[in-house]
Structures are given as C-alpha cells and as structure tokens.
Amino acid sequence: MRDTGLHVKMGKEGRTQTCQCSPKRRRRGSPGSSSPSASSPRSSSPSLSLSCRRCDEGNAYDAPSAEPPPTWVYMLVWVASVLVYFNGLNGDFVHDDISAITTNADVIGTNPISHVFFNDYWGKPMSDPLSHKSYRPFTILTFRANYQLFGLRPFGFHLVNILLHSCVCLLLTKLLLRVVRVPQGTALSAGLIFATHPIHTEAVTGVVGRADVLAAITFLAAILSYHRAMECDRDEIRRTYYIKEREDDSTSSYCDRWESATADEEQDKADEEEEMAEEGGAAGGEYTTEYLMADLVSYELVKKEAAASLFRKAEAFDREERNHREGSSEGMVWVRRAGILAAAGTLCKENAVTSLAVCAAWDLILHRKHVRRLFHKKPPDKPLEGVIRRLLCLSSMICGILLLRLLLQGGGSPVFSDQDNPAACSSSLITRALTFAYLPSFNGWLLLCPWKLSHDWQMASVPLLTSALDARNVFSFVFYGVILLLFKAGWSLKGYEGRAVLLGLAMLVLPFLPATNLFFTVGFVVAERILYIPSVGWSLVVSIGLSRVGRLRAASLLLLMMAFSCRTIQRNRDWESRATLAIAGLKTLPHNAKMHYNYANLQKDLGHMDLAEYHYREAIRLWPEHSSAHNNLATLLNDTSEAETHFRLALKAHPQHARAYYNLASLKKRQGGLAEAMHLLEKSLTHDATNKDAVSALAGMYVDAGRPADAERLHLTLLRARPFDPVVHNNYAAFLHTVGRKHAALHHYQTALDLDPEHTVALVNTAMLMRSLRHNKQAEILYKRALELTWDPEIGESLGKLYLNTGRLEEASLTFSTVLRLYPHVVSSRVYLARVKLQQKCYTDSQELLLQVLSEEPHHQDALFQLSLLYTYTNRTQEALALAHRAAHNCSTPPAFCAHIHAHYADLLKDRNHDEEAAQNYRVAVALEPSLTHAHVNLGALYHTKGNYQQAWHHYLTAHGQDPSNSLLRENMEKLRRLHHISQVPSLPNCLNNS
C-alpha cells in the first residue's frame, strides 16, 4: 500500500489520534515509544501506538516525555526550598520590616483598606513629596491579611514568605519541564540551585522581601500563560490548514491533502533535516520496511473509525473557524492573561513588568527560524504572522502598564540623596558611566559567589570608579564578554540546550535592567533582593552547564547544594534579630558608615549610650555628611554646645531634615529660647507637615503664648491630612483637654480608641479625663485595659492613685505592691505605698518605706513631705518641722504639689507661733495654687490677728468663693464684720449680712 502520510495512534478507550506530517519527516520511534525493535516484538492489539518525531518534538511545544512523571522532581525541589529557610521562622522584624510593617498604618489596620491603593509601600501617600513612589498595594494587602491572622507575631509573616518561595520554586520547575522541555535531571538541578541560593535570604527571611517573591510568582505565571498562547496559535494554524483542504477534497484523500497543506513548511525542509540530524540520538534513522508494515497494519485497523472521527472533528473545526473569523482567538486570550498577571505583579513590585519582555524574547527564541525569513526577504509565513501579532499585543500591554504606573506616581519622581546612590549624584560623567557599568558585574559576582552578603550596600560600600585605569573595569569587560559568549553559545546550540541558555539569559538580564540606572535613577547601590528574579535565569544557565560535565554532574550539584544550603542557613541566623543583623553587617562592611549608624541605633535603643556614641562618631568619620548620624549623636550629648553644633551640621548636610529641626527646637526650648524654638518647629513642619511630634510641640508653645486658635489650627490641619491616625486624634484630644474642652476631648479620645482599641496612650489619657469628670468607674476600666496590653509602672501607679484618692486603700496597697514587685526600683510607688500605709495608720511600715526612699534620694520632696506628715500625726513636731523645711526649700514645681508643702510648713510654723514666717509660706502657697482654700483661710486668720483687716477680708472672701460651707471661715468672717462694721462693704455675702 502507498504511504498516505496519515499516522494513526490508538489512545485511551480505543479512540484514534492522528499525526499529520510529511512522510519524509517520520523517524523510527525513540526509546520508550511503541515502535518495533528487535528486542521488543510488535503487538497486533488495537491499542498499538506509533509516534512521530515531527509532531512530538519538532516544534518544542508539547513533546511527550518518555521519562516517568516528574512528581519526585517537584517534591525534592519543594522540600529543599522549605528546609533551608526553616531556621528563619523564629526571626524578628528587622531593618525595613519596622517601617513597612510594624509602624505602617496600612498594615496594622488603623487606616481604611482603601488607603492601601493610595499610599506607597511605607505608608506615605503617593502624592507626598517625601514618598519613595514604591507602589505595591497587593504586597501590603498580604501583610494586612497576615496581621489579621497572626497579629504582629513575626512567625506568621516568615511562614508565608517561605511558602511563597516554595511556590516560586515549583513554578520554575514546571516552566523548565513543560515549556523549555529540559530533562528532569536538568530541571531538578536548576530548581535546587534556585531554592537554596543564599542571595535569596533578604527576599525570603526579610519579611519586606515578600514583594520580590510575589513578583516572581506572577513573573513565571505570565511566561507559562504566554507559552500556552503560543501553543493555541500553533494548534489553530494546523486546524486552519485542515479546514481549507477539507472544503475541496473528500475524506478518503485526507492524508494527501495534509501533505500539500504543509507546503510552506517544506520550504524549510533542508534546515529542519539538518537540525534533526544534529539532535540525533536514538530518534534518528531511516524509514524502514518494518516501520512501513507497522503503519499498514495500524492503518487497516482504524481506517473506518478514523474516517468517522475525522468527520466529527471537521464539524468542531467548523465551529472553531467561525469563532476565529469573529475575532475570538484562544491564543490571544492567553496573551491577555499574561498581561493581567504582569500587571498584578507590578502591583507587587515594579520589576514584574519585565515578564512581558521575557515573553517576547521566548517567542523569538522559539520562532527564530521563522524570523530568519525576514532577513532573507521572504514573505512571512503563518507562524511568523502569529509572532508579530503577539509581539504587538505585548508592546501595547507594556506601554499601558508603564503609563498607568507613571500616572499613579503622580508625575513626580522620588528624590534620593548621595547616601542612597552616590554614583547617580556624582558630577562626573565618567564616574557615573564606569560605576554603573561595573555594578552589574558586581551583582553577577554575588550570584556566582554569594559569600560576602549584606543587608545594606549604601554609601561607600562599593567605591566609585573614577578612572578608566581602575582595575575593576576589567571585571566589567569580562562580565559583558561572558554574557555575549553565552548568547552566542545559546544561538548555536540545537535542541533544548540552546533554548534553555537563551531563555536563561533573557530571565537574567531583562528583569535586572530597571536596577541598572539606565532608564531612571534608583535609590540603592546594590540590593540583594533585586536579584531574586534574575537568579531564575542564572540557575537555568548553570544547570545547563552542569548537564555537560558528564559523570561529575551529580557530585558537582551535591557540592554546590551543600555550600549554598550552609550559607543560607547561616544568613538566616544573621537575620534573626536587629542585633545579629547589625553585627553581621558590621563584619561584612566595616568601612560602611551606614553599618556603624545602624549598630549605633541598636546600642542606643539598648541603653548602651557610650557604645552608641562611639559608632555614631565612626559613621561621621567615614561619611562626614551623614546627617542622621549627626542628628542622633547630638541627642546623646550632655554638652549642649556640641549638641547644637551637630544639629546644625545635620541641617547643613540635609537642609530638609525635619527631625533635626525638631530636635534643635527642643534644645532651644530647654535653654529658654522660646522664639527661636518656635521658628525651628515651624521650619520642621514646612519640610514634613505630618510630623506629629512637631505639631504637638508647636501647638503647646502656641497655647503657652496665648495663641490657642493657632494651636488648634495646627491640630486640625494634621487631622485633615491623617484622619484615620489614632495618634493624631489622641494629640488633638490632649490639646482640647488642656484648654478645658473636656467633652470634645472625650469624643476624639473615643475616636482614637475606635481606630486602635489597643492604643495605650489614648486609654490612659481617656482614663485621666474620666477621673477629672469624676467618672471613676470608667477610669478604672480604662486603666485595667491598658494594663492588660502592657504592664507599665506608670499606668499601675495611676490606677493605684485612683484607688487612693477614692478611699479604696486595700486595692491601692495591692496595686502599688504589684508595681514594686515587678519594678522594685520605682521610687514613686514606694512613696505612694507609704501614703497608703499612713492613711491605714500603719505608721511603722510607712516610716520604713519613706526612710528607704530618703536613703537613696535625700532630697526627694514628696518623701520628705509624707514623713513630715507622719511625724506630725505621731506628735514628733520638731522632726516634722525640720523635714517640712527641707521639703519646702526651693520647691516651686509642680505648683500644686509645692503649694501643699508650703501650706503644711506654714501650719507647723503657725502652731509654734512663728507667725511672720508662717504668713510668708502661706503667701507662697496661694501664689502657686490660688485655689488652695486652706491656705487662704489661715492666711486671712493671721492678717485678722495682726489687725490687717482689709487683707484678712480679701482672703476670707476668696476662700468663701471656693468653699461656701466652711463653718470656720463663716465664723471668722462674721466676727470681722461685727467688730469692724464691714457690713457696709457691698461685696459682703448676703448670708453674713442676714446672720
């Protein structure tokens, strides 16, 4: 029988599958196929399956693998990706995690969820001039979901990062097996290299790096989707050929028609035969008589069923052809899906948009033989038309995504300093060009040898290249030479190796382009997490290299895996806490000023001020214009003159440093320069209008200066800018409380607590307001809520004072005892406990506590006052008088407290008939606290006794206005009226006139 060109394969349930290709393309089946061989006799059963190399492998789209299912490959890659990061689960929030997560209102839920789409990655509005313009709302939404599930416990955030990393590894493995069609061993090598590479530690163990991991997921998913589009277009071309031929011929000659339908492909027959010969192997060979006989038997077995099946398929093809004519192409649907994935990835991190550029490169790689037709001035064939159509669609989607991103950026660009990117700020074109050319090679070295790793490469971590004679230029030439050689090798290699190398280079180079400063300035020198996506391509290229080393492949892979895994586990330990990360950074880059600055911040927070001061000075020595180091160092210095010098140096280096203005204003205020302090605070707010500390400080100064309207205007301006910030509402409420608008203050305190029910400061302030409104039960509840959140000694003391002032002495004693048990060095709680014991008439216990305090702080005024009261109650008046004298000496603040001390001292003096000295202390008391009724009454009595009746009557009247029911006061006033006829005085109260 004549070879018809129709190869029929029996599939499941006896259904036929047709293989449509030229008979000249057929080859003997590859090992693992069902073609006959000497060692494997043919079966004559109807389930006989014959394979065709042309359809299985020629287009590299959907070649069926002869290897077993790759489940074990996926499992090994997944296990490796999880195990190497398992010790990172116990890490804390460090470095950028603090500002991006723990203090980000968009993450912790104090801002409405809609704000996520208007703020940058760090919680600042995109329209804010200080914003970094990093728009990543999808990543923030995952952080917010994390917070809802786990709170601010780092374990949950690290767990999600590790699981996302494992998903990236699985997607990479699927891409290599299903798209690039590499052998399972090569896919396993690439997956393991990527899973364990130490360069990924910042992206996986550092929580903020989740943006890169999410972008990688969408990056790989977009490529998979785009490849599916190419497959659909390929199938549609085949269907189009079949439909055209079916319109003219009968079914019996179908195979001949298919051969004519592939006439365009026969133009490239010589190139195809040459390529297949080079791929060679077990699939090569001639078309044998045995193969013809197998084809004949197979054809006779299924001839009738094939004809019926072809007619059924023809009807389906007719429907699909009509859909195609209406413009509904399944391939373009998958292209659009790739665009949607890229757009979603861009909302995770900006470099995900490069996935579409990689898709374009992959399309050109697969169809490079068709692209050659353009260079040979041949008309484009059907596959090339599909390539052009897809590339035009990709171009439009890339332009659309970039345009939308620019619109979201608000038309402005982020402003970076020379600390962030020294090369970009250099005035020398040669320096900029050489340094920017060198940085990619430096990043390539980090991928090749990830030993020297750091979480921060700012400032002088990578010294600038200022001359063409710099030896590091050699590395730049070598790096770009290696890239070109790899490209040439990939172009020359046939089969999957060539495709893999070219795709690997595309995934290595294209995603890194946004970080090269080529299109726009970036805010970093080197950032290890930026290499997360490019390392996908690097892993693929290395795995192809390992596949060519023969028997050394397994040993090489094992050695590389062990080295990478150990280094990754070690880096996870570095990222465990702020302390470990700062120490690791200092060891890696001891000449980096930013490392010394970070370490100084850590020591400052730990209370090691001397060590912090040393490293701040070291940071300034390495980078004299380090404004933040100058500012922070100044806050530690006791020498106000030197502190002011450093504040001004910070402002000279960075004139927009709002925090330096604020700190300098605080210094000037302490020195009494209120006008200059006010001016500096106003300058601070011009550079950062949302600085809550500066607003509160300036508003307080306005109130003290008699400008409450200006103070309120500041608070309201900030409230309009940050309407969902509980701190802003709390500060405004505190201002309202200060000016006496208590009910308005209560409203804003409640708003702050509605926004953040765990806002401790708002809870305590609301409790204080409730106490002033005599709502003691509500105040007690609020204090207890605050203590449930954090057992702070000041909050415990406030609750104890509430109990003390309301006469609940047992509860007060228990509360103060608890404070002292948890914080034994809190002196004020011992004094309050002594007051409780004094009221309980436990004089011995009270005296013991007060003497302990005075042994530690001999001039503690409250302890002296309380011990004087105790001695008064126990008739030890001489000792009481001496202690009262010590307490009253130079006591002026706080005014109300010192007024009571002076009044007590005056009482003791009066009892001992030291009237002049007593009157003097009473006058001091009423000057400090005009509402102290007791002092007014006694001072009036002294004036009454000395015959100074007008002064006596003045103080009697003042006291009567404060306490009209005071019987002693009424009696003294009546005596004075009767004896000296003061009844004629118009201001005499009616109750006394009528008595």
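Glutamate 797 is found in helix H36, which spans residues 793–805. The model that holds this residue is predicted. Glutamate 797 is buried yet forms no salt bridge. The nearest side chain of opposite charge belongs to lysine 801, and it is 5.3 Å away. That separation lies outside the 4 Å limit for a salt bridge. Beyond its neighbours within four places in sequence, glutamate 797 is in contact with Phe816, Val819 and Val826. Its other contacts of this kind are Ser828, Ser829 and Tyr832.

The secondary structure of the protein comes to 47 helices and two strands. Of its 995 residues, 49% count as buried. Among contacts with a separation of 6 or more, 64% come from residues 24 or more positions apart.

Two packed helices are described by the angle between their axes and the distance between the axes. Helix H38 covers residues 827–839, and helix H39 covers residues 843–856. Their axes come within 8 Å and cross at roughly 155°. H38 is therefore roughly antiparallel to H39. The crossing of this pair is left-handed. On the H38 side, the contact is made by Val827, Arg830, Val831, Leu833, Ala834, Lys837 and Leu838. On the H39 side, it is made by Tyr843, Asp845, Ser846, Leu849, Leu850, Gln852, Val853 and Glu856.

Serine 846 gives a closer view of helix H39, in which it lies. Is serine 846 buried or exposed? Serine 846 counts as buried because its relative accessibility is 1%. Its C-alpha atom is separated by 8.5 Å from that of valine 831, a residue 15 residues apart from it along the chain. Leaving aside neighbours within four places in sequence, serine 846 is in contact with Ala834, Lys837, Leu838 and Leu870.

A second helix pair is formed by H28 (residues 658–670) and H30 (residues 692–704). These helices pack at an angle of about 30°, with their axes 10 Å apart. The crossing of H28 and H30 is left-handed. H28 contributes Arg659, Tyr662 and Lys669. These residues meet Asp693, Ala694, Ala697 and Met701 in H30.

Valine 94 lies in a loop, between helix H2 (71–83) and helix H3 (97–102). Valine 94 counts as buried, because its relative accessibility is 1%. Threonine 205 is 111 residues apart from valine 94 along the chain, and the C-alpha atoms of the two are separated by 10.0 Å. Not counting residues up to four places away in sequence, valine 94 touches Trp575, Ser577, Arg578 and Leu581.

The structure holds 32 salt bridges. One of them joins the side chains of aspartate 605 and arginine 578, at 2.8 Å from N to O. Aspartate 605 lies in helix H24 (residues 593–606) and arginine 578 in helix H23 (residues 578–588), so the pair ties together parts that are 27 residues apart in sequence. Aspartate 605 is exposed, with a relative accessible area of 54%. Arginine 578 is partly exposed, at 33%. Arginine 578 is also among the residues that valine 94 touches.

Arginine 741 forms a salt bridge with glutamate 712. The closest N and O atoms of this pair are 3.0 Å apart. The bridge links distant parts of the chain, 29 residues apart. Arginine 741 sits in the loop between helix H32 (726–738) and helix H33 (742–755). Glutamate 712 belongs to helix H31 (residues 708–721). Arginine 741 is partly exposed, with a relative accessible area of 37%. Glutamate 712 is buried, with a relative accessible area of 17%.

A further salt bridge is formed within one helix. The side chains of lysine 975 and glutamate 971 meet at 3.5 Å, N to O. The two residues are separated by about one helical turn, because they are four residues apart in helix H46 (residues 967–980). Lysine 975 counts as partly exposed at 43% relative accessibility. Glutamate 971 is partly exposed, with a relative accessible area of 43%.

Salt bridges also form a network. Which residues are linked in this network of salt bridges? They are Lys777, Glu780, Lys784, Arg808 and Glu811.

Technical notes
Residues are numbered from 1 along each chain as its sequence is written. This is a predicted model: local features need pLDDT of at least 70, side-chain atom pairs count only at pLDDT 80 or more; totals for chains, interfaces and linings use all residues. Side-chain values use heavy atoms; hydrogens and water are left out. Buried means under 20% relative accessible area, exposed over 50%, partly exposed in between (1.4 Å probe, protein chains only). Lys and Arg count as positive and Asp and Glu as negative; His and the chain ends are not counted. Contact means heavy atoms within 4.5 Å. Axes are lines fitted to C-alpha atoms, for helices over the stretch in contact, and angles run from 0 to 180 degrees between N-to-C directions. Angles under 35 degrees count as roughly parallel, over 145 as roughly antiparallel, 65 to 115 as roughly perpendicular and the rest as oblique. A crossing is left-handed if the near helix is turned anticlockwise from the far one by less than a right angle, and right-handed if clockwise.
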